[in-house]
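Here are my notes on the model. Please read them with the coordinates open.

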Amino acid sequence: MIWFVAIGLGVLLALSIPVGAALFLLGFGLDAFFAPLPLIRGLGQMVYSSSDSFLLIAIPLFVLLGEILVRAGIAERTYATLDAWFSWLPGGLVHANIGTSTMFSATSGSSVATAATVATVAMPQAKKQGYDQRLFAGAIAAGGALGILLPPSINLIVYGFLTQTSVPQLFMAGIVPGLLMALGFMAITAIICAIKPELGGPSRHFTWRERFAGLPHLIPVFLVFAVIIGSIYTGWATPTEAAAVGVAMAMVIAAFYGALTIKNMRGALLGTIRTTSMVMFVIVGAYFLNYALGATGLGRQLTTFLEGMGLGPYGMLLVIILMYIVLGFFIETLALMIATIPIVVPIIVEMGFDKVWFGILLIVLIEMALITPPVGLNLYVVQGARKEGRLGDVMVGAIPFVFVMLVMIALLVAFPAIALVFAPA
């Protein structure tokens with residue numbers, strides 16, 4: 001049965017069938033060939049129970065928040081300000097890519113949305129100023145991946161929902177690793193551009209007056225982040241309520257910049273509907289598949305198989321990490337999370353590891369999947385914004401940032417306190 005699931009999921013995804021539909025079809029296959037009872041009769045209850053959660057309302061709200069800020073021009077202003085402050089570093093504008101991605105990640109909750117936003121703003125500058133297209137694009141793809149690690153992260157909400165883990169704890173646990181990874185991205189960029197200055201574009205200088213003049217443009221991002229995380233951390237609001245407050249704050253900011261128009265709001269709402277529909281379809285499909293997996297006993301089979309390997313806790317953890325790295329090459333990230341979490345997390349907990357810590361470790365592994373071929377979504381998003389050149393250039397440019405992610409994984413395993421410093425177990 002394990003091979004049926006693995007091969008079946010691989011074939012369905014290889015046929016370019018939408019992820020949510022593939023999960024439903026695989027569940028139907030398990031029902032037809034392995035289930036002792038007709039599981040399809042519980043489909044209606046599965047669909048209802050998987051979507052009847054107050055926590056999940058946060059997903060469309062956080063998506064809407066990001067959509068409003070994009071249309072208010074916050075990304076462009078943030079990018080210009082960070083360009084002025086980071087231009088002196090080896091790599092100059094590449095650091096602005098990473099910095100803008102980091103700041104926008106703290107409001108959007110989505111890696112793809114972050115990568116798409118920054119790529120749209122930044123890519124025209126790469127050719128104009130003579131930057132190496134590969135490193136420039138790779139930095140945007142990697143920086144965008146921070147969107148699912150820094151709060152408010154949609155993927156962390158999904159993880160908390162599936163594992164019954166505190167979402168506020170997960171949000172707080174993602175801050176330090178997210179910021180460390182952003183610094184790691186900037187460090188590797190500076191090292192590469194110091195060794196090969198021709199990759200970092202022309203040397204540019206801004207006066208201190210120009211730098212300080214742009215700082216007010218960073219206030220909206222910090223304000224939204226402070227309102228969301230502050231209200232959650234102080235206990236004034238749940239993640240869902242904080243998301244609603246964040247949307248209200250984003251609308252105030254858009255109105256301040258004269259961007260709260262019917263056209264912009266219509267675009268923001270349509271974008272929110274498209275993204276939320278995709279996410280919820282995957283969640284509902286995975287919920288039914290997990291139900292089928294449990295009913296047919298696959299979870300028990302896999303647990304027995306892993307335990308039969310005779311490995312200790314860290315040996316087993318290494319196997320799980322390697323499994324996610326390999327699967328991340330071929331399976332879309334949200335589907336990978338939802339399909340594996342119900343099986344893997346109970347094993348992790350049984351071995352004595354913390355669910356919050358593992359959630360952050362898992363997200364870093366998922367981030368790696370976003371920038372590794374052949375399925376890395378951020379690679380395709382950035383290439384779409386480039387509108388020229390080869391996809392392979394973006395893949396090559398992302399390689400140094402994959403190395404940084406591997407280092408972060410090692411650090412999280414060696415020093416769990418990195419994730420738990422603000423979210424103690």
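The points below cover the cavity, a pocket, aromatic pairs, two helices and some backbone details.

1. **Status of the model.** This is a predicted model. Local features were taken only where pLDDT is at least 70. For side-chain atom pairs the bar is pLDDT 80 or more.

2. **Cavity.** Searching the whole structure for cavities of 30 Å³ or more gives 1. The volume of the largest cavity is about 30 Å³. Its lining consists of I68, R71, A72, A254, A259, N264, M265 and A268. Two elements, α4 (58-71) and α14 (262-296), give two or more residues each to that lining. The top contributor is α14, with 3 residues. By type, the lining of the largest cavity has 6 nonpolar residues, 1 polar and 1 charged.

3. **Second largest pocket.** How much space lies in the second largest pocket? The figure is about 560 Å³. Its lining has 24 residues, and S110, V112, A113, T275 and M278 are the closest to the centre. At least two lining residues come from each of α4, α6 (93-108), α7 (111-129), α9 (154-163), α14 and α17 (333-350). The lining of this pocket splits into 13 nonpolar, 8 polar and 3 charged residues. Note that α4 and α14 contribute here and also to the lining of the largest cavity.

4. **Aromatic pair F62 and F171.** The whole structure holds 8 aromatic pairs. One of them joins F62 and F171, with ring centres 6.4 Å apart. The planes of F62 and F171 meet at 70 degrees, so this pair is edge-to-face. The cut-off for that class is over 60 degrees. F62 belongs to helix α4 and F171 to helix α10 (residues 167-195). The pair therefore links distant parts of the chain, 109 residues apart. Are these two residues buried or exposed? F62 is at 0% relative accessibility, so it counts as buried. F171 is also at 0%, and so it is buried.

5. **Aromatic pair W85 and F212.** W85 and F212 make an edge-to-face pair, 5.4 Å from centre to centre. The angle between their planes is 90 degrees. This pair, too, links distant parts of the chain: W85 is in helix α5 (residues 74-86), F212 is in helix α11 (residues 208-214), and 127 residues separate them. W85 has 21% relative accessibility, so it counts as partly exposed. The limit for buried is under 20%. F212 is at 46% and is therefore partly exposed.

6. **Cluster around W85.** Ring pairs join W85, W208 and F212 into a cluster. W208 has a charged partner as well: the charged end of R211 sits over the ring of W208. The distance from that charged end to the ring centre is 4.7 Å.

7. **Helix α8.** Helix α8 (residues 133-145) has 13 residues. From first C-alpha to last it reaches 19 Å, close to the 18 Å expected. Is α8 mostly covered or mostly open? It is mostly covered, with 12 of its 13 residues buried. Among them are Q133, L135, F136, I140 and A145.

8. **Helix α5.** Helix α5 also has 13 residues. It reaches 18 Å from first C-alpha to last, close to the expected 18 Å. The buried residues of α5 include I74, Y79, L82 and D83.

9. **Backbone details.** Most residues other than glycine have a negative phi, and most peptide bonds are trans. Two places are worth checking against that background. First, a cis peptide bond joins P151 and P152, with omega about 0 degrees. P152 lies in the loop between α8 and α9. Second, Q164 has a positive phi of about 55 degrees although it is not a glycine. Q164 sits in the loop between α9 and α10. Its relative accessible area is 67%, so Q164 is exposed.

10. **S277 and P60.** How far apart in space are S277 and P60, C-alpha to C-alpha? They are 9.0 Å apart, while 217 residues separate them in sequence. S277 lies in helix α14. With a relative accessible area of 43%, S277 is partly exposed.

Conventions: Residues numbered from 1 in each chain as written. Heavy atoms only, no water. 1 Å grid on protein atoms, 1.4 Å probe; cavity = no way out; pocket = protein on both sides within 12 Å on 5 of 7 lines; lining within 4 Å. Points joined across faces, edges and corners; volume = space filled by probe spheres on them. Helix = DSSP H or I, 4+ residues; strand = E, 2+ residues; numbered from the N terminus. Nonpolar A, V, L, I, M, F, W, Y, C, P; charged D, E, K, R; others polar. Phe/Tyr/Trp six-rings, centres within 6.5 Å; stacked < 30°, edge-to-face > 60°. Buried < 20%, exposed > 50% of the residue type's maximum accessible area, 1.4 Å probe, protein only. Lys NZ or Arg CZ within 6 Å of the ring centre and 35° of its normal. Expected span 1.5 Å × (residues − 1).
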